[in-house]
Amino acid sequence: MTDRAVLSIDFELFTQTPAYRSASGTTDRDGVGLDGGRFFRDTLAKYDATSTAFVVSSVAQTHPDAVRALSDAGIEIGSHTQTHQLLSALDSEERRAELSQSKAVLERVTGKRVSGFRAPAFDITDDHFDLLADTGYTYDSSVVSSRSIPGWYGGEYDIHEPVPATAVRPDAPDSVTEFPASVMPGLQLPLTGTWLRFFGPRYTILGMKLLARRGITPMLYVHPWELVDLPAVEGVPTRVYVRTGDWMRRAVERILQQDFEFTTARAVLADGEAAASQLHRGETP
């Protein structure tokens, strides 16, 4: 049986990233990243794969055809908030609005139920799971069990496969599941995002195989703006530009060429729930 993996995409535009918003310069290019979304969609189809796209819903408002095309191609649509602001920078009611409005917008644009969420920069707060449950989400993918990296990750988690949200916060609602982004076993650094560009696809592929041997479905992620040639903007850190564009497109193809079944987060979670139900009834999955 072929091992499965989720190669998700955090569907935000370059101008919505914290690096751009804090830069001194600007760009007059509109929709930087949309071409990366088209490449991602077409490349998934090329390899008979699918994915989950965690979409910033303001992109669905300004470019509805781009998001609808992802959904129509069989890609699961999840939420990445309405405006891609750090949740910890907002108060509780503002966070609630980001979750509820994004869900409503994405469901209206795609005509399909949105059940998954990922926080911008994996930034969550104490009321995170309560707000998810209150606004109708059933799973989250905002935890990264990385080692502590100041300015990046706090090193507070040790979760590597889907678990009830109560495993993250004991007082969390039991209606929410956490599907964490994957890290390299032992090294405890993320397998994708910036780390794919830093360390290369061989690093990511090795981590995927090590996780699969442990019976863990890798949860990977990329961004559409990483897949295009970025405009030079004064004040955007150099690391943002490292190996974007053609290099990153080839890296995504190399990952999709591996002997994994690339599927959606929802499909992985549904199969896990079915297997757990069978075990509870004393049946063999």
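**A walk from helix α2 outward**

Let's start in helix α2, where L34, G36, G37, F39, F40, T43 and L44 are buried. Here, buried means under 20% relative accessible area, exposed means over 50%, and partly exposed is in between (1.4 Å probe, protein chains only). Helices (H or I, at least four residues) and strands (E, at least two) are DSSP runs, numbered from the N terminus.

Before going on, a quick word about the model: it is predicted, so local features need pLDDT of at least 70 and side-chain atom pairs count only at pLDDT 80 or more, while totals for chains, interfaces and linings use all residues. Residues are numbered from 1 along each chain as its sequence is written, and side-chain values use heavy atoms, with hydrogens and water left out.

Back to α2. It covers residues 34-46, 13 residues in total. From first C-alpha to last it reaches 19 Å, close to the expected 18 Å (1.5 Å times one less than the number of residues). What do its buried residues pack against? The partners are β1, α3 (57-62), α4 (64-72), β8 (219-222) and α10 (246-256). Just after α2 you'll meet D48, which takes a positive phi of about 55°.

Now hop over to strand β1 (residues 3-11), home of D10. Is D10 buried or exposed? It's buried, with a relative accessible area of 2%. Its side chain is joined to that of R118 by a polar contact of 2.7 Å (a pair of N or O atoms within 3.5 Å; within protein, one must be able to donate a hydrogen and the other to accept it, and residues adjacent in sequence count only if both atoms are side-chain atoms). Leaving aside neighbours within four places in sequence, D10 is also in contact (heavy atoms within 4.5 Å) with residues including F54, H80, Y221 and V222.

V222 takes us to the largest nonpolar core, which has 79 residues; V222 is among those with the most contacts inside it, along with L7, I255 and F262. Such a core is a set of buried Ala, Val, Leu, Ile, Met, Phe, Trp, Tyr and Cys residues joined through side-chain atoms within 4.5 Å. Helix α10 gives the most to this core, with six residues. Apart from it lies another core, of eleven residues, including F14 and V240. Setting aside neighbours within four places in sequence, V222 touches F40 of α2, as well as L7, D10 and M248, among others.

While you're at α10, look at D246. D246 is partly exposed, at 40% relative accessibility, and its side chain makes a polar contact of 3.0 Å with that of R250.

Last stop: the aromatic rings. The whole structure holds eleven aromatic pairs. One of them is W195 with F198, edge-to-face at 5.8 Å centre to centre and 80° between the planes. (Rings of Phe, Tyr and Trp, using its six-membered ring, pair if their centres lie within 6.5 Å; planes under 30 degrees apart are stacked, over 60 edge-to-face, the rest tilted.) W195 and F198 are separated by about one helical turn because they are three residues apart in helix α7 (residues 194-199). An α-helix has 3.6 residues a turn, so residues three or four places apart point the same way. Still, W195 is buried at 8%, while F198 is partly exposed at 34%. Both belong to an aromatic cluster with W152, Y153, F199 and Y203.
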